[in-house]
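Me: I am new to this structure. Please take a close look at its largest nonpolar core, and set that core in the context of the whole chain.

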Amino acid sequence: VQFVAMATPEDLKANAEFIKLADAYVEVPAGKNSNNYANVDIITSVAKEYNVDAVWPGWGHASENPALPTALTEMGIKFIGPTAPVMSVLGDKIAANILAQTAKVPSIPWSGSWG
């Protein structure tokens with residue numbers, strides 16, 4: 001298994017540990033996450049350029065965006081994480097709570113009222 005990481009100039013300057021652990025890295029634009037780690041177009045472009053078999057998005061950022069597993073699936077690349085429909089439900093707190101209750105996961109029921 002080869003590990004290709006995306007790294008911002010800030011990551012490189014900080015000599016981030018994940019870069020040291022990677023077999024290769026791709027420098028991505030600096031700044032807010034929509035410029036890099038949360039940008040589905042950049043992630044899929046890097047995945048295609050490096051001919052990867054799978055993408056693990058880490059925590060937060062694009063790992064919460066159902067567009068990423070959808071785009072990767074269309075490219076024939078495995079997404080290591082929940083499917084887009086599951087991600088959509090889990091991104092909606094009310095739907096996630098209803099899903100948890102349906103699965104008999106202990107949870108606090110939502111009353112449908114804010115007050």
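**The nonpolar core**

Reply: Buried residues (under 20% relative accessible area with a 1.4 Å probe, protein chains only) make up 30% of the 115 residues in the protein. This is a predicted model, where local features need pLDDT of at least 70, side-chain atom pairs count only at pLDDT 80 or more, and totals for chains, interfaces and linings use all residues. Residues are numbered from 1 along each chain as its sequence is written, and side-chain values use heavy atoms, with hydrogens and water left out.

Now the core. A nonpolar core is a set of buried Ala, Val, Leu, Ile, Met, Phe, Trp, Tyr and Cys residues joined through side-chain atoms within 4.5 Å. The largest one has 18 residues. Those touching the most other members are M6, I43, A47, V55, L68, L72 and I77. Two helices, α3 (40–49) and α4 (67–75), each supply at least two residues of this core. With five residues, α3 gives the most.

Look closer at I77. Leaving aside residues up to four places away in sequence, I77 touches A47, V52, D53, A54, V55 and L72. Contact here means heavy atoms within 4.5 Å.

Step back to the whole protein. There are six helices (DSSP runs of H or I, at least four residues) and four strands (runs of E, at least two), numbered from the N terminus. Their order along the sequence is β-α-α-β-α-β-α-β-α-α. The radius of gyration is 17 Å, well over the 13 Å that the globule rule gives for 115 residues, so the protein is more spread out than a compact globule. That radius is taken over C-alpha atoms, and the rule is 2.2 Å times the number of residues to the power 0.38. Along its principal axes, the C-alpha trace spans about 50 × 30 × 20 Å.

Notes. Buried means under 20% relative accessible area, exposed over 50%, partly exposed in between (1.4 Å probe, protein chains only).
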